[in-house]
Structure formats: C-alpha cells, structure tokens
Amino acid sequence: MNAATIKADEAAHFGRLAADWWDAKGSSAMLHKLNPVRLGYIREQADLHWQLDARDRHPLVGRTALDVGCGAGLLAEPLARLGAKVTGVDAAPENIAVARDHATGHGLAIDYFAGELASLPLAKFDLVTSMEVVEHVADPAAFVTELATRLAPGGLMILSTPNRTIASKLLLVEAAERLGAVPRGTHDWGQFLKPEELGDLLKAAGLAVIDRTGLSPSAATGFKLGGSEALNYLVAARHAE
C-alpha cells in the first residue's frame, strides 16, 4: 500500500486488535468464521486457474503468494500449508509482530512486512490475495493498481469486500457493531464497494474478472459461498489478455 493509500487511523484500529487476532472467540471471531470459506474459494479458483488436482494436499508448491492486509496471518498460514512461499504485508506493525511469532511457533516460514506494499522488495507473485482490505484504504484505485503490479504473468488475484447495500449497512455495520460481533469502528459503510465499482477498478488496472460469488450467512457454518451478494462477495481476476 503506497503512502496515498494507508489510513493511519485504520492501521491503528486494527493494530489494537493484534493480541486478540488468533482467539477464535475474541474480537476477531468473525474472521475465524470467514476464513475457511475464503480459503475454499481460493482453492477452488486456483484449481481451475492452474488446472490443479483437487485431491492434492499441497497444490501451491512451487508458487509464490502475497497476502495484502494480512493481519496476524490468519490466511497466510493456511496458504503456506498448501505449499506456497508466502509473503504477508500489513499496515499495522503490531499485527506483523504477532504474525511472525505465531508462524514461528507453528514451524512456518512466512516473510512478513509492516508498512507500504510499495516498500516491499521488487517481486511478482503467482497468487495475490487481499481480504476485506480495499474498503479500508484511502485510495482504492491506487491500491488495486499496486496489487496488479505485484501479480505475475499468468497469476491469480482473489479479493473480498463488503457490498454497499442497505442490507450491509443494517447488518454488517449497525447490528454487528451494536451486538459486539465486530469491534466498533471497524467498518465505514460509505467506503464499501459495489461489485461493479470494484470491477471497474480492476479493469482500469489491467485485470479481467474471471469469477465473482456472494459470501452469505449460513446457520450451519456461519458463512457460505454463493447466494446473495448483498452483504459480501469475492472476486477472482487475472491479467487481461
């Protein structure tokens, strides 16, 4: 994330949650429920994109992955377990400190960086992910463009973000924060992007959307892929031909 993209107040907000990030019943409980669904979508799209064997337990061996806005490593770690050489970057140094300690404690070699995405060593990655991040940056267009510059030829990008609808305002912001499902101040509904808006940003950055799906509540598992996009959605993209 370049200097025009990181919001200091957003970084501070999430940095204050760092110590609690890996507590599945703490302030990041919602992320723990979302993570398996996100990972399932990434695996599904990776299998399709690279024609991988769905039975392979380590399908990303030999590939590099970049998780932007990685927090304390909730997605970076399973990507590493799938075989990828993972790099994680986050605006909050507190998150990166927790991420490094947690990865080391679990025997995972993940490269973590705090600060601007543009400050990372020059490199391109086969897989670029950024989950629930674009709605927190100061300049979404610049952010998406920077993500695109990090995507290797033939690479795959996966993004997720809340949709800007009346339903998301009522449920993801007002109700969720009032009930304590997410910490107060986590979301600014006005910064949510509609799918068409995110699609336009990706197109302007030289990318083509190859798949989009809703991320909706499930009584059984908390969240599920498919169904309505009214609350949240995921997008898969690649370089435009």
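## Getting to know this fold

Reader: Hello! Which residue forms a salt bridge with Glu77?
Author: Welcome! This is a predicted model, and a salt bridge in it requires a Lys or Arg side-chain nitrogen within 4 Å of an Asp or Glu carboxyl oxygen. For Glu77, the closest N and O atoms are 3.7 Å apart, and the partner is Arg81.

Reader: How many residues apart are Glu77 and Arg81 in helix 3?
Author: Helix 3 covers residues 76–81. Glu77 and Arg81 are about one helical turn from each other there, because their spacing in the helix is 4 residues.

Reader: Is Glu77 buried or exposed?
Author: Residues under 20% relative accessible area are called buried, those over 50% exposed, and those in between partly exposed. Its partner Arg81 has 40% and so is partly exposed. Glu77 has a relative accessibility of 1%, so Glu77 is buried.

Reader: Which residue meets Arg43 in a salt bridge?
Author: Side chains of opposite charge can pair when their charged atoms come close. In this pair the N to O distance is 2.9 Å, and the partner of Arg43 is Asp47.

Reader: Which helix holds both Arg43 and Asp47?
Author: Arg43 is buried at 17% relative accessible area, and Asp47 is buried at 14%. The two are 4 residues apart, about one turn, and both lie in helix 2.

Reader: Arg150 and Glu146 form a salt bridge too; what is its N to O distance?
Author: Arg150 is buried, with a relative accessible area of 4%. Glu146 is buried as well, at 15%. Their side chains meet with an N to O distance of 3.8 Å.

Reader: How many salt bridges does the structure hold?
Author: The ones we have met include Arg43 with Asp47 and Arg150 with Glu146. Counted over the structure, the number of salt bridges is 8.

Reader: Let's go inside. How many residues does the largest nonpolar core have?
Author: In soluble globular proteins, nonpolar side chains tend to be buried together. Here, Leu60, Leu79, Val86, Ile110, Tyr112, Leu127 and Ile158 have the most contacts inside the largest nonpolar core, and its residues number 30.

Reader: Which helix gives the most to this core?
Author: Elements that each supply at least two residues of the core include helix 3, helix 4 (93–105), strand 4 (125–131) and strand 5 (151–162). The top contribution is 6 residues, and it comes from helix 2.

Reader: How many residues does the other core have?
Author: This other core lies apart from the largest one. Val89, Val133, Ala148 and Leu198 are among its members, and its residues number 26.

Reader: Back to Tyr112: which residue that it touches have we already met?
Author: Leaving out residues up to four places away in sequence, Tyr112 touches Cys70, Ala72, Gly73, Ala76, Gly88, Ile96, Ala99, Arg100 and Ala103. The list also includes the salt-bridge partner of Arg81, and that residue is Glu77.

Reader: Now the strands. Over how many bridges do strand 6 and strand 8 pair?
Author: Strand 6 spans residues 207–218, and it runs antiparallel to strand 8. One bridge joins Thr213 to Leu234. The bridges between strand 6 and strand 8 number 7.

Reader: Which residue of strand 7 stands opposite Leu215?
Author: Strand 6 also pairs with strand 7 (residues 222–225), in the antiparallel sense over 4 bridges. In strand 7, the residue opposite Leu215 is Leu225.

Reader: How far is the C-alpha atom of Val235 from that of Pro195?
Author: Val235 is found in strand 8, and it counts as buried because its relative accessibility is 4%. Beyond its neighbours within four places in sequence, its contacts include Tyr41, Met157, Leu198 and Val209. Pro195 is 40 residues away along the chain, yet the C-alpha separation is 8.5 Å.

Reader: What about the surface: is Ile166 buried or exposed?
Author: Ile166 lies in helix 6 (residues 166–179). With Leu170 and Leu171 it forms a nonpolar surface patch of about 300 Å² accessible area together. Its own relative accessible area is 57%, so Ile166 is exposed.

Reader: Finally, what share of the 241 residues is buried?
Author: The chain has 7 helices and 8 strands, and it exposes about 10700 Å², with 56% of that from carbon and sulfur atoms. Of the 241 residues, the buried share is 52%.

Terms used: Residues numbered from 1 in each chain as written. Predicted model: local features only at pLDDT ≥ 70, side-chain atom pairs only at ≥ 80, totals over all residues. Heavy atoms only, no water. Patch = residues over 30% accessible without salt bridge, like charges linked within 9 Å, V, L, I, M, F, W, Y side chains within 5 Å. Areas by Shrake-Rupley, 256 points an atom, 1.4 Å probe, with all protein chains shown as cover. Buried < 20%, exposed > 50% of the residue type's maximum accessible area, 1.4 Å probe, protein only. Core = buried A, V, L, I, M, F, W, Y, C linked by side-chain atoms within 4.5 Å. Contact = heavy atoms within 4.5 Å. Pairing = 2+ DSSP bridges.
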